[in-house]
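Pull up the model and rotate it as you read. We'll go through it piece by piece, starting with a bit of vocabulary.

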Amino acid sequence: MTSPRIVLVTGAGIGIGRATAEAFAAAGDHVVVTDVLETDGREVVAGIEAAGGSAEFLRLDVTSTEAADALVADVEARHGAIDVIVANAGIAHRVPLSEMTDAKWDHTFDVDLKGILRVVRPALPGMRARRSGAIVCLSSIMGVAYGWDEHVHYSAAKSGVVGLVRGLAVELAREGIRVNGVAPGYIRTAQLLSEKNSLGPAGAEKAAEFIPMGRLGEPGDIADVILFLASQGARYLTGQTLTVDGGLLVGRY
Ligand SMILES: NC(=O)c1ccc[n+]([C@@H]2O[C@H](COP(=O)([O-])OP(=O)(O)OC[C@H]3O[C@@H](n4cnc5c(N)ncnc54)[C@H](O)[C@@H]3O)[C@@H](O)[C@H]2O)c1
């Protein structure tokens, strides 16, 4: 039997990150569940272990370079490698342009875009040395296709993720490291259901009506695609950001 892969997931206490952690664990990998939400993160680990899987929780705020560097070093020291990174942590704050300060703009970019680089960067020497690694980054339909009013910083950061994925993919392609992205549509999580910052419950149900597949996405719908992107089945796939939206972008005209 080959040893389990070591999979690091950011923002894995709830939502898409949680479903992703559970999916990798169910596939037999050891999952490093990280988040700023400590209680939720520990619950995810307890659930994985109760189901017979392997996981651990480590607190990580992706806005801290020192913390990301230290966490990657610690995981590599204890497990010997990080095989897969799912850079999922994200925020989507509603900010009308009239209230868009530098600080609000920078905060979203710090989490949603630079937060990815912070976690990937320290893991690259190890991945390069082993000539092996898979990285999956979370973008959004608001980054690959739509403009989102009162979320200009979010759309811009999520578009930035597409460029980050492309650049990393090309620079790392000859070193056995693949980098891809996922752009979810409307997925039933705390982010989407927030009345203050996104569609809210009623808006989400309304959106379900014009999604060609006739329903909102569930976190597991995204997790399964992330699992595929990190698998051998995707061995010739790099630099792409896949839209996973129940047909929304191609069907809304
Ligand atoms: N839900 C959707 O419809 C949707 C659509 C498109 C893209 N996305 C993206 O998917 C990813 C996951 O979103 P979700 O819907 O599960 O959202 P969510 O709000 O349910 O979860 C986001 C997670 O990120 C974590 N996080 C936030 N700031 C952090 C920080 N500084 N450091 C570490 N962790 C931090 C949160 O604690 C939480 O666990 C995000 O990048 C989001 O932008 C979601």
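Buried here means under 20% relative accessible area, exposed means over 50%, and partly exposed is whatever falls in between, using a 1.4 Å probe and protein chains only. What you're looking at is a predicted model, so local features need pLDDT of at least 70 and side-chain atom pairs count only at pLDDT 80 or more, while totals for chains, interfaces and linings use all residues. Residues are numbered from 1 along each chain as its sequence is written, and side-chain values use heavy atoms, with hydrogens and water left out.

Let's put that vocabulary to work on I141. At 1% relative accessibility, I141 counts as buried. I141 lies in helix 6; helices are DSSP runs of H or I with at least four residues, strands are runs of E with at least two, and both are numbered from the N terminus. What does I141 touch, not counting residues up to four places away in sequence? The list is Y146, A183, P184, G185, Y186, T243, D245, L248 and L249, where contact means heavy atoms within 4.5 Å. The C-alpha atoms of I141 and V95 are separated by 18 Å, with their positions 46 residues apart along the chain.

Past helix 6 comes a loop that leads to helix 7, and E150 sits in it. Its phi is near 60°, a positive value in a residue other than glycine. E150 is partly exposed, with a relative accessible area of 31%. R131 makes a good companion: it has a positive phi of about 50° and is not a glycine either. You'll find R131 in the loop between helix 5 and strand 5, and R131 is exposed at 51% relative accessible area.

Now for helix packing. Helix 5 (residues 114-130) and helix 7 (residues 152-172) have axes that come within 13 Å and cross at roughly 10°. Axes are lines fitted to C-alpha atoms, for helices over the stretch in contact, and angles run from 0 to 180 degrees between N-to-C directions. The two helices are therefore roughly parallel to each other, given that angles under 35 degrees count as roughly parallel, over 145 as roughly antiparallel, 65 to 115 as roughly perpendicular and the rest as oblique. On the helix 5 side the contact uses I116, V120, L124 and R128, which meet V161, L164, L168, E171 and L172 in helix 7. By class, that makes seven nonpolar, no polar and two charged residues. For the classes, Ala, Val, Leu, Ile, Met, Phe, Trp, Tyr, Cys and Pro count as nonpolar, Asp, Glu, Lys and Arg as charged, and the others, Gly among them, as polar.

Helix 5 also packs with helix 4, at an angle of about 35° and with axes 3 Å apart. Here F109, D110, V111 and D112 in helix 4 meet K114, G115, I116 and R118 in helix 5. That contact has three nonpolar, one polar and four charged residues. Helix 4 also holds T108, which is buried at 1% relative accessibility. Leaving aside neighbours within four places in sequence, T108 is in contact with I91, L113, H153, Y154 and A157.

In soluble globular proteins, nonpolar side chains tend to be buried together. In this model the largest nonpolar core has 35 residues, of which L8, I85, I135, C137 and V179 touch the most other members. A nonpolar core is a set of buried Ala, Val, Leu, Ile, Met, Phe, Trp, Tyr and Cys residues joined through side-chain atoms within 4.5 Å. Among the elements that give two or more residues to this core are strand 1 (6-9), helix 3 (65-79), strand 4 (84-87) and strand 6 (177-184). Which element gives the most to this core? Helix 7 does, with seven residues. Apart from this core lies another, of 27 residues, including V31, V136, A230 and V244.

Finish at helix 1 (residues 15-26), whose 12 residues reach 17 Å from first C-alpha to last, close to the 16 Å expected at 1.5 Å a residue; the expected span is 1.5 Å times one less than the number of residues. Buried residues in helix 1 include I16, A19, A23 and F24. G15, also in helix 1, is partly exposed at 24% relative accessibility. After the helix comes G28, with a positive phi near 100°.
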